Amino acid sequence: MHVLARRLRATLAWLAARAAWLRTAAAAALIVMLAGAALWYVQGTLERVETGLPRDILAQEREIVAVANRLDDLLLGLRTARLTDADEQVSPAPEGPPLMDLLVRAEQALLRMRSTYNFDNLVGASAVHAIANPAVTDVRTWFEYGIGPHAPGSRLVLGLSDRRIAEAVVQVRQRLSHAQFSALRRLAEQSTVLERFRQGLAATILLVAGLALLSVALVVHQFAERKQASARLAAAKEVAEQASLAKSRFLATMSHELRTPLNAIIGFSEIIRDKVLGEDDMDRYADYAGDIHSSGKHLLALINDILDLAKVEAGRYEITLTPVRLEETIASSLRFFEPRARLGELRLVADLAPDLPMLLADERALRQVLLNLVSNAVKFTPPGGTIRISARPAAGRVTIEIADTGIGIPEDKLAAALTPFEQVDNSLQRRYEGTGLGLPLAKSLVELHGGQLAISSHVGAGTVVTFDLPSDRARAADRFPLPRSTRSGDPASLLP
């Protein structure tokens, strides 16, 4: 019966999906037909408008403008030359091209216009050529041979050339104005045609737009889930890339963390092996053996953190739930840090509610969380500070808070502090030693228990880390009247 119901629901879902696609296809087909009709109308109107455009007038207008500009340049060069003191130099002005070059450019512009257009059909270009060409020819003759007894570069020749070119420029500008007037008149006629076309096309565009919006809404509805899946995939990719980058930075800085205890182990062991201090200095050798032991424990702690976090990320970290007395676990964690606290002149305070229930948790993992968090608090709290651990049952949940009066974390670095392989201070010469795994590992272990971990901090005002365990685990633990379960293990694996 259940199988039949599932098949029926699947069939109805399939039909609903196909019906939506049919509606979308019908709307799309109607849009295509309307768009085809509109395209036919637009094509016909544009062909009529294109036929009436004054392209020939605008084309010859560009050539007339080019000729007029070259004549203006020549006229400016002539007037500049007339202002000079030299009588024998045609264009002594150093800031501009020689007059002969300007004359050649004007001739070239006339030649381009003459070779491009049929003057029998383009009266404007023909008239400009008839005006400008004789003027340019006269000026070239005067530049080459002069006028009577006057040399080519004399002031009289320059003055007559100036007047001749100025008259040609005035007439060319008149022809240009005539061409522009003709083009504007033709454009005004086509503007009237386009206005009627716009009015006729408005209704069609509105109809097509409405149908297009309907189709878009249908398509968006169909592809909403696909877009969401794509967004989730992109977000996961970005997270993976960030994690890869963080791991690369972590490996770059871990060499310092691993080499320090290894160098101590190798160095002190070589001193003992080679008996560098002689045969009888056993007290010094015993001290070095203790240093080797401490360095080995520290190195093991680093490796354990890395392996534990790797197991969590791979989903292979298994927790064993047993009844745990939270107050005893907190007390033993604080005792672990008492020597370091006395050395750093710090005060460790436990503020526990009297009615704490037993928890059903993995004792080793819970102890690991407490040790990591308290270790960070001790490390980043200056002398005279206080580290306080409080625990309260609230709304069926047990909330544990570790607060310190340390240096604090910038608000923009809080996310990095909870990210695996990230460090708030990740330079190679960090002021504070550490792998950057303490907070991320604690967060992962809390989440494995079904809890949540949060951190709040202000620079110079200290840090507060809060985590809780869900109420169902607290209620389940109340059913165990047995004493706290203890398990043996390597204490070094509990170090942060």
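Colleague: Which helix is Ser-444 found in?
Modeller: This is a predicted model, so every value here is computed from predicted coordinates. Ser-444 has a relative accessible area of 15%. Buried means under 20%, so Ser-444 counts as buried. The element that holds Ser-444 is helix H10.

Colleague: How far apart are the C-alpha atoms of Ser-444 and Asp-308?
Modeller: Along the chain, Ser-444 and Asp-308 are 136 residues apart. In space, their C-alpha atoms are separated by 9.8 Å.

Colleague: How is H8 oriented relative to H10?
Modeller: Two packed helices are described by the angle between their axes and the distance between the axes. Helix H8 covers residues 363–379 and helix H10 covers residues 438–448; their axes are 9 Å apart, at an angle of about 150°. Angles over 145 degrees count as roughly antiparallel. So H8 against H10 is roughly antiparallel.

Colleague: And the handedness of the crossing, left or right?
Modeller: The two helices pack with their axes 9 Å apart. Where H8 passes H10, the crossing is left-handed.

Colleague: Val-312 next. Buried or exposed?
Modeller: Val-312 lies in helix H6, residues 282–314. Its relative accessible area is 18%. The cut-off for buried is under 20%, so Val-312 is buried.

Colleague: What is the C-alpha to C-alpha distance between Val-312 and Leu-441?
Modeller: In sequence, Val-312 and Leu-441 are 129 residues apart. In space, C-alpha to C-alpha, the distance is 8.2 Å.

Colleague: What span should helix H3 have, at 1.5 Å a residue?
Modeller: H3 has 18 residues, 99–116. Its end C-alpha atoms are 26 Å apart, which agrees with the expected span. That expected span is 26 Å.

Colleague: Within what arc do the buried residues of H3 fall?
Modeller: In H3, Leu-99, Leu-102, Leu-103, Ala-106, Ala-109, Leu-110 and Met-113 are buried. Seen down the helix axis, they line one face, because they fall within an arc of 120°.

Colleague: Which residues are exposed on the other side of H3?
Modeller: An α-helix has 3.6 residues a turn, so residues three or four places apart point the same way. The buried residues of H3 include Leu-103 and Ala-106. On the other side, the exposed residues are Leu-111 and Ser-115.

Colleague: How do Phe-336 and Phe-337 pair?
Modeller: The structure holds one aromatic pair. Phe-336 and Phe-337 form that pair, at 5.2 Å centre to centre, with 80° between the planes. Planes over 60 degrees apart count as edge-to-face. So the geometry of Phe-336 and Phe-337 is edge-to-face.

Colleague: What is the relative accessible area of Phe-337?
Modeller: Its partner, Phe-336, is partly exposed at 36%. Phe-337 is buried, with a value of 0%.

Colleague: What is phi of Glu-345 near?
Modeller: Most residues other than glycine have a negative phi, and most peptide bonds are trans. Glu-345 is found in the loop between helix H7 (326–343) and strand E2 (347–352). It counts as exposed, at 57% relative accessibility. Its phi is positive, near 55°.

Colleague: Where does Gly-396 lie?
Modeller: Gly-396 counts as partly exposed, at 40% relative accessibility. Gly-396 and Pro-470 are 74 residues apart in sequence and 7.3 Å apart in space, C-alpha to C-alpha. Gly-396 lies in the loop between strand E4 (386–394) and strand E5 (397–404).

Notes. Residues are numbered from 1 along each chain as its sequence is written. This is a predicted model: local features need pLDDT of at least 70, side-chain atom pairs count only at pLDDT 80 or more; totals for chains, interfaces and linings use all residues. Side-chain values use heavy atoms; hydrogens and water are left out. Rings of Phe, Tyr and Trp (its six-membered ring) pair if their centres lie within 6.5 Å; planes under 30 degrees apart count as stacked, over 60 as edge-to-face and the rest as tilted. Buried means under 20% relative accessible area, exposed over 50%, partly exposed in between (1.4 Å probe, protein chains only). Helices (H or I, at least four residues) and strands (E, at least two) are DSSP runs, numbered from the N terminus. The expected span of a helix is 1.5 Å times one less than its number of residues. The arc is that of the directions from the helix axis to the C-beta atoms. Axes are lines fitted to C-alpha atoms, for helices over the stretch in contact, and angles run from 0 to 180 degrees between N-to-C directions. Angles under 35 degrees count as roughly parallel, over 145 as roughly antiparallel, 65 to 115 as roughly perpendicular and the rest as oblique. A crossing is left-handed if the near helix is turned anticlockwise from the far one by less than a right angle, and right-handed if clockwise.
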